[in-house]
Amino acid sequence: MSSWTVETVHLTKTYQGTSVVDHVNLQVEKGSIYGLLGPNGAGKSTLIRMLMGSILPTSGEARLFGETVSEATTHLRQRVGFVTDQPIFYPFFRVEELIAFYAKTYEGWDRERCRTLIDQFQIPLKKWTRSLSKGMKMQLALILALSIRPQLLVLDEPTSGLDAVIKQQVYRLILEEVATGETTVLLATHHLGELERIADHVAVLYRGQILWSRHLEELKAHSRKIQAVFPEGLPAEVKEWSQLLHCENQGSVHTLIIDGDIQVAMKQLNEHNPLYMESLPLTLEEIFIHHTGKEGYGDAFRQLV
């Protein structure tokens, strides 16, 4: 039995000779909130559609709960709640009719959970689904996904079209779902701020490839800012450090962005006798900008922060 709720192995999808998803390897732990971050066109939605079985890969494998996703594994959808950025409902259903359809379709349907969420978001039961606003459709899609009591919740830009107050409600619901139901969450977004609020792991997708994948706590622990005073300038040896993501200075005050063991970096820097030196934390935004900049993708990702 696999310990991963979601796993992909060299997952690839090619259209007319172009790889939209290119040999992607992901491993999502049970009970985690895994953020998939990338600009529009990075391949996030295509990756998710392969996980959901709505399209098949050109090569490689997508696995849910240790089982390879294929056209024959529709039973896996009983365990997965899915919210896309453009929810599509049967246009000639009223909200209450759509809920009744879901209740008959999903074995784990929780009527009380659904009723509570409908009241919380004030969704009108008698309204036709086609007449709902985009924001209200997003709320309804989330309510339906949570009401099946999923083991895996897959969210593709789930706060698209929502105002700030509703977004906060959505974040809280996601965190509650993980805390109380041990649900695993895969959240695809192009907004870094969303992941900083709730995710515990982030993978960065660009042009169909994973640039890097790290636990947020590990990322924050190993990415720090050091400010040091060197009146004669930063030693040339320091500028060549492999763990140095970025450096700049204002006069004799030099700011170094480090990815690695901060204690080792401080010890090494101290050997050059700075007049003053201190270590400071970085925001996730700063970490992200410097990591993507180091890889040469900084300009493409600045829209995300």
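**Figure 1. The salt bridge between Arg149 and Asp110 in the predicted model.** The closest N and O atoms of Arg149 and Asp110 are 3.0 Å apart. The pair links distant parts of the chain, 39 residues apart. Arg149 lies in the loop between helix H4 (134-147) and strand S7 (152-156), while Asp110 belongs to the loop between helix H2 (95-105) and helix H3 (111-121). Arg149 is partly exposed, because its relative accessibility is 40%. In total, 11 salt bridges are counted in the model.

**Figure 2. A salt bridge within helix H3, Arg115 to Glu112.** The two side chains meet with an N to O distance of 2.7 Å. Arg115 and Glu112 are three residues apart in H3, about one turn of the helix. Both residues are shown with their surroundings. Arg115 has a relative accessibility of 45% and counts as partly exposed; Glu112, at 47%, also counts as partly exposed.

**Figure 3. A salt-bridge network of Glu7, Glu61 and Arg63.** Salt bridges with shared partners join Glu7, Glu61 and Arg63 into one network. Within this network, the side chains of Arg63 and Glu61 form a salt bridge of 3.0 Å, N to O. Arg63 has a relative accessible area of 21% and is partly exposed. Since the buried class ends under 20%, Arg63 at 21% falls outside that class. Glu61 is partly exposed at 29% relative accessibility.

**Figure 4. The hairpin of strands S1 and S2.** Strand S1 (residues 4-15) pairs with strand S2 (residues 18-29) in the antiparallel sense, over eight bridges. Glu7 has Gln27 of S2 as its bridge partner. Glu7 is also a member of the network with Glu61 and Arg63. Two residues stand between the strands of the hairpin, and Gln16 in the turn has a positive phi of about 50°.

**Figure 5. The open sheet of four strands, S12-S13-S11-S14.** Pairing in this sheet is antiparallel. Strand S12 (244-250) and strand S14 (276-281) stand at the edges. Each edge strand has a single partner strand, so one side of each is left without a neighbour in the sheet. From one strand to the next, the twist averages 20°. Strand S11 (residues 223-229) pairs with S14 in the antiparallel sense over six bridges. Ile226 has Ser279 of S14 as its bridge partner.

**Figure 6. The largest nonpolar core, with Leu140 among its residues.** This core has 52 residues, and Leu140, Leu155 and Val185 have the most contacts inside it. Helix H4 gives the most to the core, with nine residues. Domain 1 (4-207) and domain 2 (221-303) each supply at least three residues to this core. The centres of the two domains, taken over C-alpha atoms, are separated by 38 Å. Leaving aside neighbours within four places in sequence, Leu140 is in contact with Phe89, Val95, Leu98, Ile118 and Leu132. Another core, of 27 residues, lies apart from the largest one; Val6, Leu51, Val69 and Val154 are among its residues.

**Figure 7. Helix H1 and the residue Gly53 just after it.** Helix H1 (residues 44-51) is largely enclosed by the rest of the structure, because six of its eight residues are buried. The buried residues of H1 are Lys44, Thr46, Leu47, Ile48, Met50 and Leu51. Leu51 is also one of the residues of the 27-residue core. Just after H1, Gly53 takes a positive phi of about 80°.

**Figure 8. Gln169 in helix H5 and its contacts.** Gln169 is found in helix H5 (residues 164-181). The relative accessible area of Gln169 is 15%, so this residue counts as buried. Apart from its neighbours within four places in sequence, Gln169 is in contact with Gln120 and Phe121.

How values were computed
Residues numbered from 1 in each chain as written. Predicted model: local features only at pLDDT ≥ 70, side-chain atom pairs only at ≥ 80, totals over all residues. Heavy atoms only, no water. Domains from an automatic or database assignment. Salt bridge = Lys/Arg side-chain N within 4 Å of Asp/Glu carboxyl O. Buried < 20%, exposed > 50% of the residue type's maximum accessible area, 1.4 Å probe, protein only. Pairing = 2+ DSSP bridges. Axes fitted to C-alpha atoms, helices over the stretch in contact; angles between N-to-C directions. Core = buried A, V, L, I, M, F, W, Y, C linked by side-chain atoms within 4.5 Å. Contact = heavy atoms within 4.5 Å.
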